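The following paragraphs lead the reader through a single protein model, from strand pairing to charged contacts and the surface. Please keep the sequence and the three-dimensional view at hand while reading.

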Amino acid sequence: MAEKQAHLNGAYYGPSIPPATRNYHRHGRGSGCGCGCCLLKLLFNIIVTAVVVIGLAVLIFWLIFRPNKIKFHVTDVSLTEFNLTTNNTLNYNLAVNMTVRNPNKRIGIYYDRIEARAYYEDQRFATQTLTPFYQGHKNTSFLNPVFSGQQFVSLGADETSVFNEERTSGIHSIDVKLYLRIRLKVSWVKTGRFTPKISCDLKVPLSSANGSLAGVPETTRCGWDF
């Protein structure tokens with residue numbers, strides 16, 4: 001009996017069972033995004049709200065004032081000298097008469113800066129700064145830039161060939177551009193500055209007297225370029 005009890009006391013019962021592990025959950029840290037993600041969402045919401053507000057403001061402004069584009073026309077031009085020397089010096093005498101029409105009933109325009117430039121074959125040969133002015137509602141103003149002098153122009157063989165052909169025909173292709181800095185006035189409110197560019201593509205006859213635009217109506221409409 002004692003031997004049987006000893007046998008039972010030395011029995012093998014298998015490996016010990018390890019204690020169960022505990023999973024600790026930290027409160028406040030979910031599976032969602034962190035502070036950086038929340039800031040991005042906030043920034044996105046602010047941008048969307050700003051775009052919507054600005055869009056509504058522009059729509060309301062347009063519905064109330066119905067703004068129309070300012071119209072620029074060249075009504076007359078005089079070219080009494082336009083010759084090119086052998087060393088690519090251009091001698092010129094060009095006078096341009098322009099009208100500026102503000103068709104808006106409730107919007108005035110401040111022309112803070114008006115720079116007129118003359119180009120031939122994409123080469124600028126003259127610049128003149130005109131007097132700033134304010135243009136009221138439903139008003140037509142007049143600009144009269146005059147370009148006179150001489151200037152070196154870098155013309156290649158193709159451009160020189162075009163010049164000789166135009167000299168034979170007596171009609172030159174000249175571009176006059178206005179570089180503007182303007183502000184709008186609506187009632188007592190003034191907007192920020194805009195810097196549009198006005199481009200007038202002209203066909204100008206060379207003569208000793210005042211000439212009119214050749215091959216097209218005397219009044220030539222100019223285009224806008226922002």
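In strand β12, D225 is the residue that stands opposite K197. The model in which this pairing appears is a predicted one. K197 and D225 belong to a pairing of β10 with β12 (residues 223–225), in which the two strands run antiparallel and are joined by three bridges.

Strand β10 also pairs with β8: nine bridges join these two strands, again in the antiparallel sense. A convenient point of entry to this pairing is K177, which has S199 of β10 opposite. With β8 on one pairing and β12 on another, β10 takes part in both.

Attention may now turn to the beginning of the strand order. Strands β1 and β2 run antiparallel and are joined by twelve bridges. Within this pairing, N83 has N91 of β2 as its bridge partner. The two strands form a hairpin with four residues between them, and in that hairpin N88 takes a positive phi near 60°.

Why does such a value deserve a remark? Most residues other than glycine have a negative phi. N88 is not a glycine, yet its phi is positive, at about 60°. The residue is located in the loop that runs between β1 (71–84) and β2 (89–102). Is N88 buried or exposed? Its relative accessibility is 16%, and N88 therefore counts as buried, the cut-off for that class being under 20%.

A second residue of this kind is E121, which is not a glycine and has a positive phi near 55°. E121 is placed in the loop between β3 and β4 (123–130). Its relative accessibility is 29%, so E121 counts as partly exposed.

Strand β1 has a further pairing, with β11, which is antiparallel and extends over two bridges. Here H73 is found opposite R221 of β11. Strand β11 consists of residues 220–221, and R221 is thus part of it. R221 is exposed because its relative accessible area, 59%, is over the 50% cut-off.

R221 also belongs to a patch of positive charge on the surface, where it gathers with K69, K71, K105, R106 and K138. The residues of this patch have no salt bridge, since that is a condition for being included in a patch.

Other charged side chains of the model do have partners of opposite sign. Side chains of opposite charge can pair when their charged atoms come close. How many salt bridges does the structure hold? There are five.

One of these salt bridges is formed by the side chains of D112 and R183, with an N to O distance of 2.7 Å. D112 belongs to strand β3 (residues 107–120) and R183 to strand β8 (residues 171–186), so this contact ties together parts that are 71 residues apart in sequence. Both D112 and R183 are buried.

D112 has another partner, R193, and the closest N and O atoms of that salt bridge are 3.4 Å apart. R193 is situated in the loop between β9 (189–190) and β10 (197–205), whereas D112 is in strand β3, so this salt bridge ties together parts that are 81 residues apart in sequence. Is R193 buried or exposed? With a relative accessibility of 54%, R193 counts as exposed. D112, in contrast, is buried.

A salt bridge is also formed between the side chains of R117 and E115, at 2.5 Å from N to O. R117 has a relative accessible area of 18% and is buried. E115 is buried as well, with a relative accessible area of 11%. As for the contacts of D112, salt bridges that share partners join D112, R183 and R193 into one network.

The last feature is of a nonpolar kind. L39, L42 and I46 form a patch on the surface, and together these residues have about 310 Å² of accessible area. L42 is located in helix α2, which covers residues 35–65. The relative accessibility of L42 is 47%, so the residue counts as partly exposed. This value is over the 30% required for membership of a patch.

Key:
Residues numbered from 1 in each chain as written. Predicted model: local features only at pLDDT ≥ 70, side-chain atom pairs only at ≥ 80, totals over all residues. Heavy atoms only, no water. Patch = residues over 30% accessible without salt bridge, like charges linked within 9 Å, V, L, I, M, F, W, Y side chains within 5 Å. Areas by Shrake-Rupley, 256 points an atom, 1.4 Å probe, with all protein chains shown as cover. Salt bridge = Lys/Arg side-chain N within 4 Å of Asp/Glu carboxyl O. Lys, Arg positive; Asp, Glu negative; His and termini not counted. Charge placed at Lys NZ, Arg CZ, Asp CG, Glu CD. Buried < 20%, exposed > 50% of the residue type's maximum accessible area, 1.4 Å probe, protein only. Pairing = 2+ DSSP bridges.
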